[in-house]
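Work through the exercises below with the sequence and the model side by side, and attempt each task before reading its solution.

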Amino acid sequence: MKFLSEEDLFNLVIRLAKLKKDNKELLSYLLFEADNEHQYVEGVKKHLDEEFASLNPGVYYAKKGLRKILRNLKKQIKYSGKKETEVELLIYFCKKMKTSSIRFSSSTVLQNLYDNQIKSIEKAIGKLHEDLQFDFKMMMEEL
């Protein structure tokens, strides 16, 4: 890539952006949202609120809906690549799941989904700076 001209590199990026939705989303994050991580996190949280509001409270549909929400959330976390963002968004997801009208304790699948996210959060917290670990562990106590 070092040896390509600026125009050739630009054309490669444009061609890459045309192929897949994931490529477009990643490129959009890198170009427009990577500079302001806080704004990106708030946007993702707002999107999560909208998805949870449209979620069907029936257990069968809740399973499908929560898996879809979590799949999209993990994709957006992957774009950021920052552990702080991962922890913050997963904690928010678990809080939304807990405060929703879905009775996830009556479903083994939903309970396992929740428990696995808690484990993921704890694992990601272990990779953070000590000060951030303390802050996020205080947030975890609410869950």
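The exercises that follow concern a predicted model and deal in turn with two helices and a pocket.

**Exercise 1.** Compare the expected span of helix 3 with the distance between its end C-alpha atoms, and then work out how its buried residues are arranged.

*Solution.* Step one: helix 3 runs over residues 37–53, and because each residue should add 1.5 Å, its 17 residues should span 24 Å, which agrees with end C-alpha atoms that are 24 Å apart. Step two: taking buried as under 20% relative accessible area, one finds Glu-37, Tyr-40, Val-41, Val-44, Lys-45, Leu-48, Glu-51 and Phe-52. Step three: seen down the helix axis, these buried residues fall within an arc of 135 degrees, so they line one face of helix 3. Step four: the buried residues pack against helix 2, helix 4 and helix 5, whereas His-38, Gln-39, Lys-46 and Ala-53 are exposed on the other side.

**Exercise 2.** Apply the reasoning to helix 7, residues 130–140.

*Solution.* The buried residues are Gln-133, Phe-136 and Met-140; they fall within an arc of 75 degrees seen down the axis, so they line one face of helix 7. Their cover includes helix 5 and helix 6, while the face turned away carries the exposed residues Asp-131 and Phe-134.

**Exercise 3.** Describe the largest pocket and its lining.

*Solution.* The largest pocket holds about 290 Å³ of space, and of its 15 lining residues the closest to the centre are Glu-33, Tyr-40, Val-44, Gln-76 and Tyr-79. Helix 2, helix 3 and helix 4 each supply at least two lining residues, and by class the lining has five nonpolar, seven polar and three charged residues.

Note on methods
Residues are numbered from 1 along each chain as its sequence is written. This is a predicted model: local features need pLDDT of at least 70, side-chain atom pairs count only at pLDDT 80 or more; totals for chains, interfaces and linings use all residues. Side-chain values use heavy atoms; hydrogens and water are left out. On a 1 Å grid over the protein atoms alone, a cavity is a set of points where a 1.4 Å probe fits but cannot get out, and a pocket is an open set with protein on both sides within 12 Å along at least five of seven lines; lining residues have an atom within 4 Å of a point. Grid points are joined across faces, edges and corners, and a volume is the space filled by probe spheres set on the points. Helices (H or I, at least four residues) and strands (E, at least two) are DSSP runs, numbered from the N terminus. Ala, Val, Leu, Ile, Met, Phe, Trp, Tyr, Cys and Pro count as nonpolar, Asp, Glu, Lys and Arg as charged, and the others, Gly among them, as polar. The expected span of a helix is 1.5 Å times one less than its number of residues. Buried means under 20% relative accessible area, exposed over 50%, partly exposed in between (1.4 Å probe, protein chains only). The arc is that of the directions from the helix axis to the C-beta atoms. Contact means heavy atoms within 4.5 Å.
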